[in-house]
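Colleague: I'd like a close look at the nonpolar core of this model. Please take me through it and then through what lies around it.

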Amino acid sequence: MIEARDITKSYGDQRVLNNVNLTVNEGEVLGIIGPSGSGKSTFLRILDLIEAPNSGELLLFGEDVLARRNRWIELRRRMGMLFQKPIVFNASVYDNVAMGMRYRSESKAEIDRRVKETLEAVGLSRYIKSSARDLSGGEQQRVALSRVIVTEPEILFLDEPTANLDPTSTATIEEMVLRLNREVGTTVVINTHDMLQGQRLSQRVGVMIAGRIMQVGRPKEIFNNPENLQIARFVGVDN
Ligand code: ADP
Ligand code: MG
């Protein structure tokens with residue numbers, strides 16, 4: 001579903017990504033874990049076609065995309081992204097979610113049904129007419145996720161989506177992401193600095209340290225068998 005080969009990215013003379021390689025299979029949930037500043041967000045922005053790398057190759061849905069910028073808008077519509085800071089527009093909760101479907105050809109009745117069903121599932125039905133900006137941070141993130149879920153994306157990217165959120169919102173977001181994966185078959189890539197979240201959600205995790213994916217494997221394998229001292233330190237098994 002995703003194949004990144006030798007991706008490099010620099011800002012000025014700072015090399016942020018250093019020959020990153022990663023393959024994500026269709027239908028899997030893959031976590032990218034690593035300390036703050038290691039390049040996780042930068043890498044996700046490249047996979048999601050928000051930013052271009054300096055060099056490397058990227059295949060999405062089997063298509064070589066970096067040389068073909070004219071394809072990006074269409075490919076972006078097949079993918080969803082959730083950022084650490086919730087993005088909600090100055091409109092009602094209902095309209096914020098319905099906005100996700102503006103490029104789809106579904107009927108008004110179908111859009112209405114899906115928006116209501118999704119808001120019910122994330123526990124926000126009672127705020128359907130409220131202004132999204134009046135909600136708490138955790139509720140806003142649930143709105144932002146709902147906007148993505150209604151589109152049933154083929155790939156979902158999440159960049160530390162629950163950092164600083166209350167436990168209820170965190171649990172709801174994790175549950176909804178797993179449901180989307182299970183029911184729709186969405187491939188998921190989630191950045192987190194929280195090892196435990198990585199373990200809860202992912203079949204495999206990639207450990208990113210200092211701009212490199214240093215090890216990829218099942219969470220257990222990485223705990224039991226870290227390939228180097230930096231990974232061992234990050235997962236907390238060096239003592
Ligand atoms: P992480 O998400 O793992 O915390 P980031 O990808 O956000 O890491 O950042 C990696 C490094 O790249 C940091 O040193 C950060 O300051 C730098 N960086 C990220 N984005 C930019 C940018 N747009 N301009 C300049 N430097 C950036
Ligand atoms: Mg980040």
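Modeller: Happy to! A nonpolar core here is a set of buried Ala, Val, Leu, Ile, Met, Phe, Trp, Tyr and Cys residues joined through C-beta atoms within 7 Å. Buried means that 20 or more other C-beta atoms, placed from the backbone, lie within 10 Å of a residue's own (exposed is 12 or fewer, partly exposed in between). This is a predicted model, in which local features need pLDDT of at least 70 and side-chain atom pairs 80 or more, while totals for chains, interfaces and linings use all residues. Residues are numbered from 1 along each chain as its sequence is written, with chains lettered from A and ligands numbered from 1 in the order in which they are written.

The largest nonpolar core has 52 residues, and Phe 43, Leu 47, Leu 156, Phe 157, Val 189 and Val 207 have the most contacts inside it. Helix α5 (residues 137–149) gives the most to this core, with five residues; helices (H or I, at least four residues) and strands (E, at least two) are DSSP runs numbered from the N terminus. Nonpolar side chains tend to be buried together in soluble globular proteins.

Let's follow Leu 47. Leaving aside residues up to four places away in sequence, Leu 47 touches Ile 2, Ala 4, Phe 157 and Val 189, where a contact puts two C-beta atoms within 7 Å.

Phe 157 takes us to strand β7 (residues 155–159), where five of its five residues are buried. From β7, Ile 155, Phe 157 and Asp 159 point one way, whereas Leu 156 and Leu 158 point the other way. In a regular strand the side chains alternate between the two faces of the sheet.

β7 has parallel partners, where pairing needs at least two DSSP bridges. Strand β6 (residues 79–82) pairs with β7 over four bridges, and Met 79 has Ile 155 as its bridge partner. Strand β8 (residues 187–192) pairs with β7 over five bridges; there, Asp 159 is matched with Asn 191.

Now for the antiparallel strands. An open sheet of four strands runs in the order β2-β1-β4-β5, with β2 (14–24) and β5 (63–64) at the edges, each pairing on one side only. Strand β1 (residues 2–11) is joined to β2 by seven bridges, and Glu 3 stands opposite Thr 23 in β2. Helix α1 packs on this sheet, where α1 touches β1 and β2.

Definitions and conventions: Axes are lines fitted to C-alpha atoms, for helices over the stretch in contact, and angles run from 0 to 180 degrees between N-to-C directions.
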